[in-house]
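The following exercises concern strand pairing, burial and helix packing. Each task is followed by a solution in steps.

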Amino acid sequence: NYPAMIDAALQRLHDEGRYRTFIDIERRRGSFPHAVWRRPDGAERPVTVWCGNDYLGMGQHPAVLAAMHEAIDATGAGSGGTRNISGTTVYHKALEAELADLHRTEAALLFTSAYIANDATLSTLPSLFPGLVIVSDELNHASMIQGIRRGGGEKHIFRHNDVGHLREILEAIEPGRPILIAFESVYSMDGDFGPIEAICDLADEFGALTYIDEVHAVGMYGPRGAGVAEAQGLMGRIDIVNGTLAKAYGVMGGYIAASARLCDAIRSYAPGFIFTTSLPPAVAAGAAASVRHLKTDQALRARHQTQARILKTRLKGLGLPLIDHGSHIVPVHVGNPVKCKMLSDMLLEDHGIYVQPINFPTVPRGTERLRFTPSPVHGPRETDALVRAMDELWSHCALNRAELTA
């Protein structure tokens, strides 16, 4: 009885309070972060988006839109094939050149998403380096975990950001074996930073390669937006960078940046690159325009950080259990999936504020949260409305630590 099995699986999610509901949002050009919510009954309601990953609003930027219009008028809609078979255009090559320049690497390789870039690269590396041991932070993104598993090689997990535990693992690996240390610069659920310099020091000591996921940092950190490694002056110590074009750059796609030799090997061996249709040329053109623009727009990055600091200060003033590690990500701990969803629903229904609940398996059980992502265009009016709503609802729902842990 296959239908009954499916129903049972879905019911488990409902029972645990973590069934995910899609909210129909219509973004309208020039009005971000304001959008229109299309309710299930067909009615339309204005909403303010507080959980988007278009961190800088570049999905609405005139330079990005102009580049996409120009490309689609010149070439049409799709790329027409895989990168190997008719799907490599001047737009793809130009974007890869922009990305290599951004990270000061010899080359970059474009994928359809950062998830695919992580999965394809990490699963392919063991075939390039026989006997490879991958040592991975326990809170690495699901795409990194999936890629490491699919690679089938030896792996070890070190406690989150614990360089002492990382050292213990490295010391136990047989000398002479190839090693890769995989970690992130900004961990998106808590907003904390990876200890990049300390990890690089260990990599040098033990002859390991470094693989950093800068997905939640590219465009937003560093003088040219290359990420936290650039901001800390450590780019030259990273062997492989993974990044996205779908967050701060406001478009779509993912990539790795590394040596020309390594990019060529991944291009030649990774099924996730070889057998998938390439991004539409217009998407590549828009992403290249966004990367190019953000290399020089430090003021936009500064406004983004300012808005994040303001929101964190305001929410802390309410006494909310805010997780603050100094990044642009603003998580408020709820700790209960049902109440997290209830808060999200009330914010949407009663206040026109859209923030998606974050539940297991994205975060561990008992750490459910609302994750706010302020942008440079979330101004005082939007922030005041959010803070008033959170103050009202937190009190109304009697959300406190004692109840949440009951």
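**Exercise 1. Identify which residue of β12 is the bridge partner of Val241, and place β12 among its neighbours.**

Solution. In this predicted model, Val241 has Ala257 of β12 as its bridge partner. The strand that supplies the next step is β11 (residues 240-244), which runs antiparallel to β12 and is joined to it by 4 bridges.

Next, consider β4 (residues 107-111), which pairs with β12 in the antiparallel sense over 5 bridges. Within this pairing, Leu109 is matched with Ile256, and Phe111 with Gly254.

The two pairings can now be set in the whole sheet. Its order is β4-β12-β11-β10-β7-β5-β6, an open arrangement of 7 strands with mixed pairing. The edges are formed by β4 and β6 (154-158), each of which pairs on one side only. From one strand to the next, the twist averages 20°.

**Exercise 2. Determine how many residues of β12 are buried and which of them point one way or the other.**

Solution. Begin with the general rule: side chains of a regular strand alternate between the two faces of the sheet. Then assign the residues of β12: Gly254, Ile256 and Ala258 point one way, while Tyr255 and Ala257 point the other way.

Burial here requires a relative accessible area under 20%. In β12 (residues 254-258), 5 of 5 residues are buried, and the strand is described as mostly covered. Residues pointing either way from β12 are thus included among the buried ones.

**Exercise 3. State which helices lie across strands of the sheet, and at what angles.**

Solution. Take helix α3 (residues 90-103): it lies across β4, β11 and β12, and runs at about 130° to β4. Then take helix α6 (residues 163-172), which lies across β5 (133-137), β6 and β7 (179-184) and runs at about 155° to β6.

**Exercise 4. Classify the crossing of α13 and α14 and describe the contact by residue class.**

Solution. First, obtain the geometry: the axes of α13 (residues 337-351) and α14 (residues 380-396) come within 11 Å and cross at roughly 130°. Angles over 145 degrees would count as roughly antiparallel, and 65 to 115 as roughly perpendicular; α13 and α14 are therefore oblique to each other. The handedness of their crossing is right-handed.

Second, list the residues that meet: Leu343, Met346, Leu347 and His351 from α13, and Ala389, Met390, Glu392, Leu393, Trp394 and His396 from α14. Sorted by class, this contact contains 7 nonpolar, 2 polar and 1 charged residues.

Technical notes: Residues numbered from 1 in each chain as written. Predicted model: local features only at pLDDT ≥ 70, side-chain atom pairs only at ≥ 80, totals over all residues. Heavy atoms only, no water. Axes fitted to C-alpha atoms, helices over the stretch in contact; angles between N-to-C directions. Parallel < 35°, antiparallel > 145°, perpendicular 65-115°, else oblique. Left-handed = near helix turned anticlockwise from the far one by under 90°. Contact = heavy atoms within 4.5 Å. Nonpolar A, V, L, I, M, F, W, Y, C, P; charged D, E, K, R; others polar. Buried < 20%, exposed > 50% of the residue type's maximum accessible area, 1.4 Å probe, protein only. Pairing = 2+ DSSP bridges.
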